[in-house]
Amino acid sequence: MKNYKVTMFPGICIIYPSEQISLWQWLFQESENRDLVDLARSARDETDSFNIYEGLLPCITPSCITTEDGWRHKLTSPTGLICIYINGCDNPDIPDLEELKQKLSVKTYIMCCGLLFDGKGLYCLIPIAHPIMHKEHFYALQKDFKDEGIVIDPTCNQELRLLYSYDNKYYYNQDAVAYRKLAGDIKMVRSESNTQDAV
C-alpha cells in the first residue's frame, strides 16, 4: 500500500496549511466532523448557513503538497493522485449516488469514492502514472467518463483543488492501479510508459 502524503488545512478559507498528513490517516480516522457535515447537508437549501458550515470543515489538497504560502499560491510536489468531482447538478440523470458508487468501484484505477460535502455528488481519488502530467491525465479521464454519460467537474484539472467531505460508506481500494491514459498521442504515451516500466 502506497503511503500518499497530502497537505491539510483547518478550513477552506484558510490559506495556510496546518500539517502534512497521510491520506489514509485522513480517510480512516474517526470523523470529528460528522456532525458538522450532517448539519451542512440539512441546511444545503439555506445558502448562508451552508456556507458557514462549509467554511469550518478541514480539507486537504489530494493532488499536491503545498508550501507554507498556502494552497492559493504554490505547490511543491505532486502526490500522484487526481481527485475528480461528479456533481449532481451536472448529472441530473444519475439519481442514485450509492448505485453510481458501486458502478465506479469496479474500475481498477479508482482508489476511493465517496459523497461530496453537500451530499449531492461524488468524489473519486485516482492514482496516475505520470504525476507531472496532471492535466493530460485529467482530460483523458474526462473523456472516458463522458463516454459513459458522466460529467466531471472541469475545475478538477487544477492540482490545487481541495477535498472536504465525510462519508461513512465510502468505497476504497488500497491496491488501485495507476491510470495511464493521457490526452493527446496515446501511442506515444504507451511507448514512454513501457520504457519507464523496463527501467
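A residue counts as buried when its relative accessible area is under 20%. In the predicted model described here, Ser63 meets this criterion, because its relative accessible area is 4%. Ser63 is located in the loop that connects strand S3 (59–61) with strand S4 (64–66). Excluding residues up to four places away in sequence, Ser63 is in contact with Pro78, Thr79, Leu81, Ile82, Cys83, His134 and Glu159.

Cys83, one of the residues touched by Ser63, is likewise buried, with a relative accessible area of 4%. The cysteine sulfur closest to that of Cys83 belongs to Cys156 and lies 6.1 Å away, which is too far for a bond. A disulfide would require the two sulfur atoms to be within 2.5 Å, and the count of disulfides in the model is 0. Cys89, by contrast, is exposed, with a relative accessible area of 68%.

An open sheet of 4 strands is arranged in the order S6-S8-S7-S9, and its pairing is antiparallel. S6 and S9 form the edges; each has a single partner strand, so one side of each lacks a neighbour in the sheet. S6 is joined to S8 by 7 bridges, and within this pairing Ile84 has Cys124 of S8 as its bridge partner. S8 (residues 121–127) also pairs with S7 (residues 112–115) over 4 bridges in the antiparallel sense. The S7 and S8 strands constitute a hairpin with 5 residues between them, and Gly119 in the turn adopts a positive phi of about 75°. S7 is connected to S9 (residues 171–172) through 2 bridges. Cys112 takes part in both pairings of S7: its bridge partner in S8 is Leu125, while in S9 it stands opposite Tyr172.

Two helices are associated with this sheet. H4 lies across S6, S7, S8 and S9 and runs at about 15° to S8. H5 packs on the sheet through contacts with S6 and S8, and its direction makes about 35° with that of S6.

The largest nonpolar core comprises 42 residues, and those with the most contacts inside it are Leu23, Leu27, Leu104, Tyr123, Leu125 and Phe145. Two or more residues are contributed by each of strand S1 (5–9), helix H1 (23–28), strand S6 (81–87), helix H4 (97–104), S7, S8 and helix H5 (134–147). S6 supplies the largest share, 6 residues. Leu23 touches Tyr4, Val6, Ile60, Leu81, Met111 and Leu125, residues up to four places away in sequence again being excluded. Another core, of 10 residues, lies apart from the largest one and includes Cys59, Leu162, Tyr164 and Tyr166.

The structure contains 5 salt bridges. Among them, Lys101 and Glu98 meet at 3.1 Å (N to O); both are in helix H4, 3 residues apart, or about one turn of the helix. Lys101 is buried at 0% relative accessibility, whereas Glu98 is partly exposed at 29%. Lys107 and Glu148 meet at 2.6 Å (N to O). Lys107 belongs to the loop between H4 and S7 and Glu148 to the loop between H5 and S9, so this pair ties together parts that are 41 residues apart in sequence. Here Lys107 is buried, with a relative accessible area of 15%, and Glu148 is partly exposed, with 36%. In a further salt bridge, the closest N and O atoms of Asp144 and Lys181 are 3.2 Å apart. Asp144 lies in helix H5 and Lys181 in the loop between S9 and helix H6 (186–198), so the pair links parts 37 residues apart in sequence.

Methods: Residues are numbered from 1 along each chain as its sequence is written. This is a predicted model: local features need pLDDT of at least 70, side-chain atom pairs count only at pLDDT 80 or more; totals for chains, interfaces and linings use all residues. Side-chain values use heavy atoms; hydrogens and water are left out. Two strands pair if DSSP finds at least two bridges between them. A nonpolar core is a set of buried Ala, Val, Leu, Ile, Met, Phe, Trp, Tyr and Cys residues joined through side-chain atoms within 4.5 Å. Buried means under 20% relative accessible area, exposed over 50%, partly exposed in between (1.4 Å probe, protein chains only). Contact means heavy atoms within 4.5 Å. Axes are lines fitted to C-alpha atoms, for helices over the stretch in contact, and angles run from 0 to 180 degrees between N-to-C directions. A salt bridge is a side-chain nitrogen of Lys or Arg within 4 Å of a carboxyl oxygen of Asp or Glu.
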